[in-house]
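Subject: Structure for you to look through

Hello,

I am handing over the structure we talked about, and I would ask you to open it beside this message while you read. My notes on what was found follow below.

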Amino acid sequence: MNVSGRPTRTLWPSADGTAIEIIDQTRLPHAFVTARLSTLDDAAHAIRAMLVRGAPLIGATAAWGLWLALRTDASDAALARAYATLLATRPTAVNLRWALDRVRTHVAPLAPSARAAAARQLAAYVCDEDVALNRGIAVAGLPLIRAIAARKAPGERVNVLTHCNAGWLATVDIGTATAPLYAAHDAGLSVHVWVDETRPRNQGASLTAWELLNHGVPHTVIADNAGGHLMQHGHVDLVIVGTDRTTATGDVCNKIGTYLKALAAHDNHVPFYVAAPSPSIDWTLSDGLREIPIEERAAREVTHLTGRLPDGTVATIALLPEGSPAANPAFDVTPARLVTGLITERGVCDANAAALRALFPDKAQTG
Ligand code: MRU
C-alpha cells in the first residue's frame, strides 16, 4: 500500500542485506517510524511487544527471525532454540507456528553451512506468498460487496464494519479483511467502513483508520459498543473481520470483541464474513472454544491509554482509579454457527468442516 504516495510493505530486507526493517506499529498513527531487526532477540521482541502484530505479519517476521538466528549459529541446537524463542512470543495466532514449522522443515535436513541462505530465501517467499494470498481474498471477497452495491440506489454507499486491524498493517501487504474493501474502492464502488476502535490497544482507531486514510477509503471510527446499535438501524450491510486462528470446523478466534459483533450481526441478519487465508487455519483443531490458547496481555493496556497531546507530544495517561485491578484477554472465539462465510484465497465457503475440506483437500487432515 502507499505511504505518502510510496508503495511500502510492512517489512523488508534492509538495503545492505544484513537486517530486516519493519514499521514500528506502536508509534502509529502519530509517527511513521521504522525499526531494524538484526538478531533473533530483535525479532522476538518486535513480535512480543507488538512493533509488528497481526497474524500473517507475526508469521512473516518469525520466518525472518529464524534467518537472523541461523546467520550467527546454524547448529541443530541453535535452530531448536530460535524456534522455541519465537514460538513463545505470542500464543494465539497459528500463523506463527505455521511459518516456523515451514522454515524449520525446509532447513533442518540441510548442512548447517547452507541453512541461513535457505531460510532467507524461504522467508522472502513467505512474504511474497502472503501478498498473493491476500490478492486471492480480494478477488473472492469483491463480489460480496458488488452484490450489495447492486441492490442499492446509484451512488448509495455500502457500509462495511470491521474490527481490530486485519489490514495491510497486519500482513505483508493489502491485508485480509481489508483486501475486498480496497478492491471495491479501487473498482469505483462507493464503500464506507465503520472502524471499531478496538480497545484496549485500539488497533482499529490507530492502525485501520490510518491505513484507510492513506488509501483514501471513506471511513468512520466508532466506539466498540456502537456496532450493535448501527446494525439495529440498518447502517451496516456487511461485517468483515480477520482471524488469528480458524479451526478445521470453522470456529474463528480473533481480536477480543469479535464475538460480540458476530452476535449482534446474527440478531440483525447482517452477513458476518471472516477473511481467512489458509495459513491461519489450524487443521488440527475442531473446537475453538476449548482448544485455542487465548493470550492474556498486560493489565496496563487496559488501565492506560497513549495519545497525542495538543502540543503534539505523545503521552500515556492512567484511566482507572489507582488500585482497581484490570484483566486483558486479547482474543475471543466466534463459533462457526455465527459465521456467514469464510473468504479464503481459493474462494468463499461456509464455516464448517465439509466446506473447508472441499476447498482445501490438500491441507485438511483426514480421519
Ligand atoms: O493482537 P493483534 O493486533 O496481533 O491482533 C490482530 C487481530 O486480531 C487481527 O484481526 C487478526 O490477526 C487478523 S489479521 C489479518
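Please keep in mind that this is a predicted model. A good place to begin is the ligand, where an oxygen atom lies 2.8 Å from an N or O atom in the side chain of R90. An oxygen atom of the ligand is also 2.9 Å from an N or O atom in the side chain of Q203, and at G54 the partner is a polar backbone atom, which an oxygen atom of the ligand approaches to 2.9 Å. Of the 410 Å² of accessible area that the ligand has on its own, the protein covers 99%, and the space that the ligand takes up is the largest cavity.

If you widen the view, you will find that 18 residues surround the ligand, and that G54, R90, Q203, D244 and K255 are the closest of them. By character, this shell is made up of seven nonpolar, seven polar and four charged residues. Two elements that each supply at least two residues of the shell are the helix α2 (55-72) and the strand β11 (252-255). Because domain 1 (2-128) and domain 2 (140-364) both give residues to the shell, the ligand lies between them.

Next, there are some points in the backbone that deserve a careful look. Most peptide bonds are trans, and most residues other than glycine have a negative phi. The peptide bond from L28 to P29, however, is cis, with omega near 5°, and P29 belongs to the loop between β4 (20-23) and β5 (34-37). Another cis peptide bond joins R199 and P200, with omega about 10°, and here P200 is in the loop that runs between β7 (191-196) and α7 (203-215).

Finally, which residue has a positive phi although it is not a glycine? That residue is C164, with a phi of about 60°, and you can find C164 in the loop between β6 (158-162) and α6 (178-186).

Best wishes

Definitions and conventions:
Residues are numbered from 1 along each chain as its sequence is written. This is a predicted model: local features need pLDDT of at least 70, side-chain atom pairs count only at pLDDT 80 or more; totals for chains, interfaces and linings use all residues. Side-chain values use heavy atoms; hydrogens and water are left out. A residue is near a molecule or strand if one of its heavy atoms lies within 4 Å of it. A polar contact is a pair of N or O atoms within 3.5 Å; within protein, one must be able to donate a hydrogen and the other to accept it, and residues adjacent in sequence count only if both atoms are side-chain atoms. Accessible areas come from the Shrake-Rupley method with a 1.4 Å probe; for residues, only the protein chains shown count as cover. On a 1 Å grid over the protein atoms alone, a cavity is a set of points where a 1.4 Å probe fits but cannot get out, and a pocket is an open set with protein on both sides within 12 Å along at least five of seven lines; lining residues have an atom within 4 Å of a point. A molecule sits in a cavity or pocket if more than half of its atoms lie within 2 Å of its grid points. Helices (H or I, at least four residues) and strands (E, at least two) are DSSP runs, numbered from the N terminus. Ala, Val, Leu, Ile, Met, Phe, Trp, Tyr, Cys and Pro count as nonpolar, Asp, Glu, Lys and Arg as charged, and the others, Gly among them, as polar. Domain bounds come from an automatic or database domain assignment.
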